[in-house]
Structures are given as C-alpha cells and as structure tokens.
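Open the model in your viewer and keep a selection box ready. The tour below goes stop by stop, with what to select and what to look for.

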Amino acid sequence: MKRIVLMGTTLWALLFPTLTLNAEEKAAESSASALTNTPAQTPEGAPALGAKPGETMTVDLGGGVKLNMVWIPPGEFIMGSPIGEKGRDVGEVQHRVRLTKGFWLGKYEVTQAQWDRLMTNNPSRFKGTNMPVDQVTWDECQEFLKKLDALIQNSKSKIQNGRFRLPTEAEWEYACRAGTTNRYSFGDDEEKFCEYGNYCDASNTDNKPWRDNTHRDGYDKTAPAGAFKPNAWGLYDMHGNVQEWCQDYWYGGYDSKDATNPTGSSLGSYRIVRGGTWWGYPEYCRSACRWSIYPTYRSLIGFRVVCSSMHRHEATQDQP
Ligand SMILES: [Ca+2]
Ligand SMILES: [Ca+2]
C-alpha cells in the first residue's frame with residue numbers, strides 16, 4: 001500500500017513503499033499466477049455492447065472542445081501483479097476479475113480545455129489547453145462529472161442515456177493492461193518506457209535524486225494529450241504523466257478470491273489513484289501499482305472519465 005496523508009512528509013512513501021510477503025499470501029498468489037488474462041472475452045450473459053476494443057467516439061462539449069472516448073469491452077483479467085515483479089507492493093495480490101459490462105473510457109486524461117469548458121476555471125500547475133488538468137481533488141472531479149452528465153442530457157445527444165463517472169480501479173487496470181500481463185502495457189522492458197509514458201527522465205529539471213539520467217522522454221513536467229504511444233486498445237498516458245483518480249474507496253490489499261465488477265469498499269477515508277506521474281519512477285507507473293489518497297488532496301493528480309449504461313448504437317461513431 002502506498003498512501004499520501006499530507007504533502008511533504010508522507011509523499012516519501014510514494015517512493016519507498018514497504019515490501020513484505022507472508023507465507024499465506026505467497027501460497028494464494030502462486031495459485032493465481034497460474035492464471036492468464038482473457039481480454040475482450042465476452043462473459044456469458046454480458047450485454048451486447050460494443051464490438052471490439054479500441055472503437056472510438058467523440059463527445060462534443062461545445063466551444064470547439066471535444067472529448068474522445070474508447071470502447072472497452074466486457075471481459076476477464078488477472079488483477080494485481082505476480083510475486084517477483086520489480087516494484088511490486090504486497091497488496092497487489094493476483095486474482096481473477098470479471099467485468100460483465102463494457103464501457104467507454106477517456107482516450108486521454110481530461111485536458112485543461114475540457115475542464116475549463118465545464119468548470120470555468122483551470123487550477124493546473126502547468127498550463128496548456130491540451131495538457132492534462134491536475135491539482136483537482138476527487139470531490140471536484142465529481143462536480144465535473146455532474147456537469148458533463150447535465151450537458152449531455154440537455155443536448156439531445158445520441159448518448160443522452162449515458163452516465164459519466166470515474167473508472168473503478170478494476171476498470172482502470174483492465175483498460176491499462178489491454179490484454180497484457182506484464183509490468184506495463186508495452187511489456188516488461190523499462191528501457192522502452194520513454195516511448196509510452198512521461199516519467200522523471202533526463203528531461204526533468206527538478207534534480208530529483210531518483211531521476212533517470214539515461215533516458216529522455218522529452219518532457220520536463222506534464223506532457224500534452226497524445227504525446228506518447230498508446231496501449232493496444234488506443235488509450236494514451238495510462239502510464240505516467242498525471243496520476244488518475246478512480247471511483248473506489250481504498251480497501252487495502254486484494255483478496256485472492258475471484259471478483260465480479262468490484263467497486264471497492266462501501267466506506268473509507270481514501271480514494272484510489274492509478275498510473276503514476278511525470279514526477280516519479282517508472283515502477284510506480286506499473287499497470288498494477290495503486291495508491292490511496294485523501295479525496296481532498298490536490299497535487300499531481302488528474303483523471304479520465306467513463307461513460308457507462310450506454311448502448312453502443314446510441315453513440316456517434318467517430319474515427320480516431
Ligand atoms: Ca518526463
Ligand atoms: Ca496518467
């Protein structure tokens with residue numbers, strides 16, 4: 001578990017999580033590690049939504065601002081990381097997760113132009129219309145989502161039956177992995193990270209002791225949407241750039257039991273954050289890496305949106 005409580009002091013926990021493993025957890029994970037992912041497999045009884053991962057649509061926010069969404073199909077995957085994965089936290093216990101409904105997920109992190117269009121402000125630390133919004137709290141994201149819902153339902157849009165929200169942690173990891181089982185959606189080779197994500201590389205000018213001086217991704221701080229290669233389902237910046245709020249309350253380490261449409265704890269003080277940042281190590285941008293953060297915390301965190309309960313035929317299909 002990695003938890004931020006207050007700026008400054010416990011931020012250090014971002015960099016040096018405690019890694020421990022007891023015998024019982026080892027046994028549970030040895031069993032789970034024999035499983036393999038079955039991405040894009042439609043479970044029995046799943047709604048006939050979407051045709052294939054990677055289909056896209058565009059939501060018009062007005063004022064020339066668009067929101068691009070990618071179809072994520074229902075399916076099953078192994079959530080968590082195998083024992084021995086570099087940078088792994090003990091709570092990342094592998095278990096099979098079944099997602100019975102597909103959903104549309106933001107192709108990019110929410111940009112400052114999109115945020116400003118609905119919220120009429122821009123709290124971001126590093127300004128740029130096509131840059132990801134950051135410095136937004138979980139609670140403020142809920143306001144953005146309410147406004148997005150209202151805009152769509154008042155627009156007589158073809159997607160007015162959709163409902164916008166943050167991704168659950170399981171949806172986020174499923175989409176990030178895009179059918180892969182490796183540390184990253186592009187494999188295990190950290191040497192390739194600078195092609196797929198923005199992290200604390202040689203471009204960074206903050207002189208952090210953990211800066212990777214041997215690779216250069218080209219971005220000192222945040223990078224604009226689409227600056228790096230996407231994953232196999234056409235999603236950008238799932239690794240690095242800004243961290244991303246998820247809907248769930250934090251509930252500690254995973255259980256090894258199978259789960260269907262998990263939504264986390266019903267109560268809690270922390271929310272889940274995923275994906276790592278431009279400020280950190282690649283290993284904290286791993287597909288399985290997770291953080292628990294106060295919903296009122298304002299820092300290097302942005303988000304991407306989900307639209308669910310929307311029939312595919314109601315969406316306006318668009319080209320990437
Ligand atoms: Ca960078
Ligand atoms: Ca990100």
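pLDDT is the predictor's confidence in each residue, on a scale from 0 to 100. This is a predicted model, and the mean pLDDT of the protein is 83, with 78% of its residues at 70 or more.

**Stop 1: colour by confidence**

Select residues 3-50, where pLDDT stays under 50. The model has 83 contacts beyond four places in sequence for residues 3-50. Then select residues 311-320, another stretch with pLDDT under 50. For residues 311-320 the model has 19 contacts beyond four places in sequence. Where pLDDT is low, the predicted coordinates should not be read in detail.

**Stop 2: the whole chain**

Switch to a cartoon view of the protein, which has 5 helices and 14 strands. Of the 320 residues, 47% are buried. Among contacts between residues at least 6 apart in sequence, 71% join residues at least 24 apart.

**Stop 3: the sheet with β4**

Select β4 (75-79), β5 (residues 95-99) and β9 (259-260). These 3 strands form an open sheet in the order β4-β5-β9, with mixed pairing. Each of β4 and β9 has a single partner strand, so one side of each is left without a neighbour in the sheet. The strands β4 and β5 run antiparallel and are joined by 5 bridges. To find the register, show G75, which stands opposite L99 in β5.

**Stop 4: the helix across that sheet**

Keep β4 and β5 on screen and add helix α4 (residues 169-177), which lies across both strands. The helix runs at about 95° to β5.

How many of the residues of α4 are buried? The count is 9 of 9. Among the buried residues of α4 are charged-letter entries to label, including E169, E171, E173 and R177, and W172 and Y174 are also on the list.

Now step past the end of the helix to A178, which follows α4. A178 lies in the loop between α4 and α5 (193-196). Its phi is positive, about 50°, although A178 is not a glycine. Is A178 buried or exposed? A178 has 24 C-beta neighbours inside 10 Å, and the cut-off for buried is 20 or more, so A178 counts as buried.

**Stop 5: the nonpolar core**

Select W104, L105 and A175, which touch the most other members of the largest nonpolar core, a set of 74 residues. Helix α3 (residues 138-154) gives the most to this core, with 6 residues.

Centre the view on A175, one of the buried residues of α4. Leaving aside neighbours within four places in sequence, A175 is in contact with I72, L105, W233 and L235.

**Stop 6: the loop between α5 and β8**

Two residues of this loop are worth selecting: P224 and D237.

Start with P224. Which residues does P224 touch, not counting those up to four places away in sequence? They are G128, N130 and M131. Add T111 and draw a distance between the C-alpha atoms of P224 and T111, which are separated by 8.2 Å. The two residues are 113 residues apart along the chain. P224 counts as partly exposed because it has 18 C-beta neighbours inside 10 Å.

Move on to D237. This residue has a positive phi of about 60° although it is not a glycine. With 30 C-beta neighbours inside 10 Å, D237 counts as buried.

**Stop 7: strand β8 and its partners**

The loop leads to β8 (243-249). Strand β8 is mostly covered, with 6 of its 7 residues buried.

Add β12 (residues 301-302), which runs parallel to β8 and is joined to it by 2 bridges. Show Q243 and I301, its bridge partner in β12.

Then add β10 (residues 271-274), which pairs with β8 in the antiparallel sense over 3 bridges. Here W245 is the residue to label, and V273 in β10 stands opposite.

Terms used:
Residues numbered from 1 in each chain as written. Chains lettered and ligands numbered in written order. Predicted model: local features only at pLDDT ≥ 70, side-chain atom pairs only at ≥ 80, totals over all residues. Helix = DSSP H or I, 4+ residues; strand = E, 2+ residues; numbered from the N terminus. Buried ≥ 20, exposed ≤ 12 C-beta atoms within 10 Å, placed from the backbone. Contact = placed C-beta atoms within 7 Å. Pairing = 2+ DSSP bridges. Axes fitted to C-alpha atoms, helices over the stretch in contact; angles between N-to-C directions. Core = buried A, V, L, I, M, F, W, Y, C linked by C-beta atoms within 7 Å.
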